[in-house]
Amino acid sequence: MDLNTVLDVRDARSPVPWRPGDAWLGGGTYLFSEPQPRLRRLVDLGRTGWDPVRELPDGSLEIAATCTIAQLSRFGRGWDAPAAPLVEQCCRAFLASFKIWNMATVGGNLCNALPAGPMISLTAALDGVCLLRAQDGTLRRVKAADFVTGAGCKDLAEGELLRSVTLPARSLRGRTAFRQASLYGLGRSGALVIGSLDPLDGSLAVTITAATVRPFRLWFALPPGRSGLRRAIGSAVAERDWFDDIHGLPEWRRHMTLHLAEQVRHELSRDGVR
């Protein structure tokens, strides 16, 4: 798509005052996929030189907003953390060609805030924290599960930049379980559920995405029974929170979420009781 309203492209390494009509340019797979009539200038992050993925001294993992899906996938396949399989599972949840994999970024997937965004699923499930930088250099941190506030909506002020997402070491040491469903064999995710079992206290987090307009991360001190899990989901997710589009009706999404959540619960429960 030619963005014929864009008059200028600036390098993000040379800051310029933010103005209406500006947009950050990461991989550009969304920006160049459809007309963007409000845009006048792009601020290109492509030469920032940020390390795609960094293992920090405390054992946590920092993923740069400019990290591509291909880069993250390569890292995940060579990583030996217990949660490593989840990285590749979420990368494979993309409905995308290899060309998109090599351009689309983790930050772009989060900032698009689409319910089916698998990087939202990954970072929310592993209790990730987004680092946001305002135009004046002020930094703030927001949980990945709270960053997306609705379908296409996120906690991001005008001109604010998503710099990175950090996954805490404790989450990376836990066992995980992944389940996904779509209406078609290679279709967009209609429901995606991830479970994460804490390695220290045995608590269970169940994260619901794709079926809902925003992520829901439910925490249990101990893995619940089947009925307890269903009650918790019913209490947390209101009727208006189930997403409705051509990739699945709300009733189907709710049904599949409950079904997949039970599979996740059973896989990660220590005794497998119902």
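**Exercise 1.** Is the crossing of helix 1 and helix 2 left-handed or right-handed?

*Solution.* This is a predicted model, in which local features need pLDDT of at least 70, side-chain atom pairs count only at pLDDT 80 or more, and totals for chains, interfaces and linings use all residues. Residues are numbered from 1 along each chain as its sequence is written, and side-chain values use heavy atoms, with hydrogens and water left out.

Begin with the two elements: helix 1 covers residues 69-77 and helix 2 residues 84-92, where a helix is a DSSP run (H or I) of at least four residues, numbered from the N terminus. The crossing of this pair is left-handed, a term that applies if the near helix is turned anticlockwise from the far one by less than a right angle. On the side of helix 1 the contact (heavy atoms within 4.5 Å) is made by Ile69, Leu72, Ser73, Gly76 and Arg77, and on the side of helix 2 by Ala84, Val87, Glu88 and Cys91.

**Exercise 2.** Determine whether Arg170 is buried or exposed, or in between, and find its polar partner.

*Solution.* First locate Arg170, which belongs to helix 7 (residues 169-172). Its relative accessible area is 34%, so Arg170 is partly exposed, which lies between buried (under 20%) and exposed (over 50%), using a 1.4 Å probe and protein chains only. Next, leaving out residues up to four places away in sequence, Arg170 touches Asp198, Pro199, Leu200 and Asp201. Finally, the side chains of Arg170 and Asp198 form a polar contact at 2.7 Å, that is, a pair of N or O atoms within 3.5 Å, of which one must be able to donate a hydrogen and the other to accept it.

Definitions and conventions
Axes fitted to C-alpha atoms, helices over the stretch in contact; angles between N-to-C directions.
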